[in-house]
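Please consider the following model, with its sequence, as the basis for a guided reading. The discussion moves from a single aromatic residue to the chain as a whole.

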Amino acid sequence: MRLLILLIFLFVSYPIFCQDIQYSQFYANPLYLNPAFAGSTGLTRVGANFRNQWPALDESFIAYTAYVDHFVANYNSGVGLIISGARESFTQTQLNEVGLLYSYRLQLGDRHFIHAGVQGSFFARDVLFDEVILGTQLDIDKGVVVGQPGGGFEGDSDVKAGDLNAGLLYYGDKFWLGFSALHLLRPQISYLKVNANQLPIKYSAHGGVRFDLAPGDINDFFNNTDQERSLALAFNFKSQGEFSQLDVGTEFYFEPLILSLWYRGLPIKYNLPNNESLVALLGLELESGLAFGYSYDFVISKFGHRTTGGAHELSIRYVFSPQNPRKKYYPELPTFRY
């Protein structure tokens with residue numbers, strides 16, 4: 001059984017680290033989704049995300065991001081900084097990336113805008129070859145490992161390179177549509193040979209629509225205030241190399257509570273089902289500007305939920321209040337909060 005698990009991880013770790021980590025709460029991780037989201041609040045925002053994928057297995061995948069962005073009203077521009085990382089415990093593979101972002105906001109009408117954004121990044125991939133066992137070192141008949149761990153590798157244990165991302169975002173009162181292209185420089189990711197394996201460009205198209213529902217009242221013992229209620233529908237299609245994925249979901253906002261449900265997969269791909277997971281999310285958005293989110297991925301693929309344990313994801317963000325409350329600010333994006 002241990003040999004079987006080793007073989008499985010040798011196969012699954014390749015697509016994980018040759019493709020980008022998928023976050024379920026991608027709207028709570030906006031700069032990771034699309035550089036055009038830099039400065040999109042019209043204020044200053046900080047946030048962090050953490051993902052633990054397949055915790056039921058002995059070896060799991062951990063990913064995190066932290067970001068800050070700010071809108072410079074005098075120049076209609078947004079600036080930002082994002083730090084991201086991922087770790088696969090079986091091969092001890094570690095990815096770290098830091099990126100600087102810039103976006104420009106173009107107003108098309110009273111409440112219609114286009115954001116164009118770019119991101120320049122530097123990333124490093126490191127692996128502990130001394131503890132890696134290749135599939136060719138496994139003798140299935142005898143149940144033994146041939147040779148020593150790490151004996152099949154020759155080359156550097158780290159790869160460092162620069163990268164470039166770009167994106168567009170259009171939105172109005174009730175709807176939004178975005179497009180991003182990440183890894184435009186196609187950086188080298190092979191540890192063994194130069195130009196042997198380059199990171200494919202990741203394309204993403206995302207959008208949706210929000211419907212306002214009848215507001216409720218909040219009684220604070222002194223007066224009644226309107227409570228926002230809304231329903232949103234959204235999608236996010238991703239394609240990178242030979243892999244593609246579609247997320248479709250709905251979000252119900254019952255101030256200050258947020259409930260959402262996502263389906264991840266392509267119902268039909270090459271005439272075969274490609275169902276990956278169902279994602280349930282619970283969020284809380286406070287009047288102070290602080291927001292929390294927790295989501296859980298329920299695996300519905302053949303890999304099995306009981307085998308993997310799904311995935312846990314946490315997010316936290318804070319949007320600073322405007323220093324001048326009388327100043328006119330741009331309307332809030334109608335996108336998902338998570």
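Is Trp 54 buried or exposed? In this predicted model, Trp 54 has a relative accessible area of 10% and is therefore buried, since the cut-off for that class is under 20%. Phe 61 is likewise classed as buried, its relative accessible area being 3%.

These two residues also form a ring pair. The structure contains 14 aromatic pairs. In the pair made by Trp 54 and Phe 61, the ring centres are 5.3 Å apart and the planes meet at 80°, so the arrangement is edge-to-face. A further pair joins Tyr 170 and Phe 175: here the centres are separated by 5.8 Å and the planes by 50°, and the pair is therefore tilted. The relative accessibility of Tyr 170 is 27%, so this residue counts as partly exposed. Phe 175, at 34% relative accessibility, is also partly exposed.

Aromatic residues appear in other settings as well. One aromatic cluster is formed by Phe 26, Tyr 27, Phe 37, Trp 176, Trp 262 and Phe 336. Two arginine residues are placed over aromatic faces. Arg 337 lies over the face of Tyr 253, at 3.8 Å from the ring centre, and Arg 317 lies over the face of Tyr 338, at 4.7 Å from the ring centre.

The surface carries a nonpolar patch with about 840 Å² of accessible area in total. Its members are Phe 50, Tyr 64, Val 68, Leu 81, Ile 83, Val 98, Leu 100, Phe 122, Tyr 294 and Leu 314. Strand 2 (61-72), strand 3 (77-88) and strand 4 (93-107) are the elements that each give two or more residues to this patch. Leu 314, one of the patch residues, belongs to strand 18, which spans residues 311-319. With a relative accessibility of 45%, Leu 314 counts as partly exposed.

Leu 314 leads in turn to a buried residue, Gln 25, with which it is in contact. Gln 25 is located in the loop between helix 1 (2-18) and helix 2, and its relative accessibility is 0%, so it counts as buried. When residues up to four places away in sequence are set aside, Gln 25 touches Asn 49, Leu 281, Gly 293, Tyr 294, Ser 295, Glu 313, Leu 314, Ser 315 and Tyr 338. Among these contacts, Tyr 294 and Leu 314 are members of the nonpolar patch, while Tyr 338 is the ring beneath Arg 317.

On the other side of helix 2 (30-33), the loop that runs to strand 1 (44-53) contains Asn 34. Asn 34 has 0% relative accessibility and therefore counts as buried. Beyond its neighbours within four places in sequence, Asn 34 is in contact with Gly 167, Leu 168, Gly 178, Phe 179, Ser 180 and His 206. Asn 34 and Leu 168 are 134 residues apart along the chain, yet their C-alpha atoms are separated by 7.6 Å.

The view may now widen to the chain as a whole. The protein chain has three helices and 18 strands. Of its 338 residues, 46% count as buried. Where contacts join residues at least 6 apart in sequence, 57% of them link residues at least 24 apart. The chain exposes about 17,500 Å², of which carbon and sulfur atoms supply 62%.

Methods:
Residues numbered from 1 in each chain as written. Predicted model: local features only at pLDDT ≥ 70, side-chain atom pairs only at ≥ 80, totals over all residues. Heavy atoms only, no water. Phe/Tyr/Trp six-rings, centres within 6.5 Å; stacked < 30°, edge-to-face > 60°. Buried < 20%, exposed > 50% of the residue type's maximum accessible area, 1.4 Å probe, protein only. Lys NZ or Arg CZ within 6 Å of the ring centre and 35° of its normal. Patch = residues over 30% accessible without salt bridge, like charges linked within 9 Å, V, L, I, M, F, W, Y side chains within 5 Å. Areas by Shrake-Rupley, 256 points an atom, 1.4 Å probe, with all protein chains shown as cover. Salt bridge = Lys/Arg side-chain N within 4 Å of Asp/Glu carboxyl O. Helix = DSSP H or I, 4+ residues; strand = E, 2+ residues; numbered from the N terminus. Contact = heavy atoms within 4.5 Å.
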